[in-house]
Amino acid sequence: DWIKAFVSDDNVTAYPAKVPRLSLEQLRRIVNEAHRLGLPVMMHVDDLADLSDALEAGADTIEHVHNPAAIGPELTRELIDRLKASGTWLVPTLVATKLHDGTVAGGPLVWPRLLEDMKRLVAAGVPMGVGCDSGIPLVPYGECLHMELELLVEAGMTPLEAVTAATGGNARMLRRAEEFGTVRPGLSADLVAVAGDPLKDIRNTRSIRLVISRGRIVFQS
């Protein structure tokens, strides 16, 4: 459904060694050909230099901001403005970076900087999806989503903004907003009921009492 490109020269298994990276011209060609075929493009980045190139190449979504041990250039107002104007979605995967921060031998810590940069990106209204790098070491499927929502709130989103990003926002990002993501007639009846109000405390999303998938109860407690 999508084309994915890996935009990074970092070698986390042999830090601070580097590996060859796709050039900006190659990235542009990937995007142009994918778009010619009607396919959107997501790009993995490790730092803001990679992110800038992914943005310049025309990526539809960009995954990550600062990955473990990846200290790149500073976040500038110009880059924030480019992100806002581009229509490109950012999927920061905060939980993956936080849980792996400090695990790269010899590498610097990046979580404090990521959190501060995220506060600026959130405050600026950069469009964001919610993803986790689910399934990599330390990042469990399912639970990591709740962790990501909590970190997005820590980074400045309101609980409503975080929940909206993970539901209707993700549906728009994936170009499936006419199928799921919001509660409207004609859309898939995918619903979750929780004990407690997540708009008062985002941690209440963890207290799942009912799951409905396509109109059928699949979990109840």
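**Exercise 1. The whole chain**

Which pattern does the protein chain follow when you read along the sequence? Work out the overall build too.

*Solution.* Before we start: this is a predicted model, where local features need pLDDT of at least 70, side-chain atom pairs count only at pLDDT 80 or more, and totals for chains, interfaces and linings use all residues. Residues are numbered from 1 along each chain as its sequence is written, and side-chain values use heavy atoms, with hydrogens and water left out.

Step 1: Read off the elements. The pattern is β-α-β-α-β-α-β-α-α-α-α-β-β-β. That comes to seven helices and seven strands. Here helices (H or I, at least four residues) and strands (E, at least two) are DSSP runs, numbered from the N terminus.

Step 2: Check how compact the chain is. The radius of gyration is 18 Å, close to the 17 Å that the globule rule gives for 221 residues, so the chain is as compact as a globular protein of that length. (The radius is taken over C-alpha atoms, and the rule is 2.2 Å times the number of residues to the power 0.38.) Along its principal axes, the C-alpha trace spans about 50 × 40 × 30 Å.

Step 3: Look inside. Buried residues make up 41% of the 221 residues. Buried means under 20% relative accessible area, exposed over 50%, and partly exposed in between (1.4 Å probe, protein chains only).

Step 4: Look at the contacts, meaning heavy atoms within 4.5 Å. Take those with a separation of 6 or more: residues 24 or more positions apart account for 61% of them.

**Exercise 2. Three helix pairs**

Describe how H2 meets H3, how H3 meets H5 and how H5 meets H6.

*Solution.* Two packed helices are described by the angle between their axes and the distance between the axes. Axes are lines fitted to C-alpha atoms, for helices over the stretch in contact, and angles run from 0 to 180 degrees between N-to-C directions.

Step 1: Start with H2 (residues 48-57) and H3. Their axes come within 11 Å and cross at roughly 35 degrees. The crossing is left-handed. (Left-handed means the near helix is turned anticlockwise from the far one by less than a right angle; right-handed means clockwise.) On the H2 side you'll find Leu48, Leu51, Ser52, Leu55 and Glu56, and they meet Leu79, Arg82, Leu83 and Ser86 in H3. By class, that's five nonpolar, two polar and two charged residues. (Ala, Val, Leu, Ile, Met, Phe, Trp, Tyr, Cys and Pro count as nonpolar, Asp, Glu, Lys and Arg as charged, and the others, Gly among them, as polar.)

Step 2: Move on to H3 (residues 77-86) and H5 (residues 111-124). These axes come within 10 Å and cross at roughly 45 degrees. That makes H3 oblique to H5. (Under 35 degrees counts as roughly parallel, over 145 as roughly antiparallel, 65 to 115 as roughly perpendicular and the rest as oblique.) The crossing of H3 and H5 is right-handed. H3 brings Arg77, Ile80, Leu83 and Lys84 to the contact, while H5 brings Arg120, Leu121 and Ala124. The tally is four nonpolar, no polar and three charged residues.

Step 3: Finish with H5 and H6 (residues 143-154). Their axes come within 9 Å and cross at roughly 65 degrees. H5 and H6 are therefore roughly perpendicular to each other. Trp111, Leu115, Met118 and Lys119 of H5 touch Leu151, Leu152 and Glu154 of H6. This contact has five nonpolar, no polar and two charged residues.

**Exercise 3. The loop between S3 and H3**

Is Val65 buried or exposed? Compare notes on His64 and Ala69 as well.

*Solution.* Step 1: Place Val65. This residue is found in the loop between S3 and H3. Val65 is buried, with a relative accessible area of 1%.

Step 2: List its neighbours. Leaving out residues up to four places away in sequence, Val65 touches Asp46, Asp47, Leu48, Leu90, Pro92, Leu114 and Met118. Val65 and Leu90 are 25 residues apart in sequence and 8.2 Å apart in space, C-alpha to C-alpha.

Step 3: Turn to His64, in the loop between strand S3 (61-63) and H3. Its phi is near 90 degrees, a positive value in a residue other than glycine. His64 is buried, at 2% relative accessible area.

Step 4: Do Ala69, also placed in the loop between S3 and H3. Ala69 isn't a glycine, yet it has a positive phi of about 70 degrees. At 8% relative accessibility, Ala69 counts as buried.
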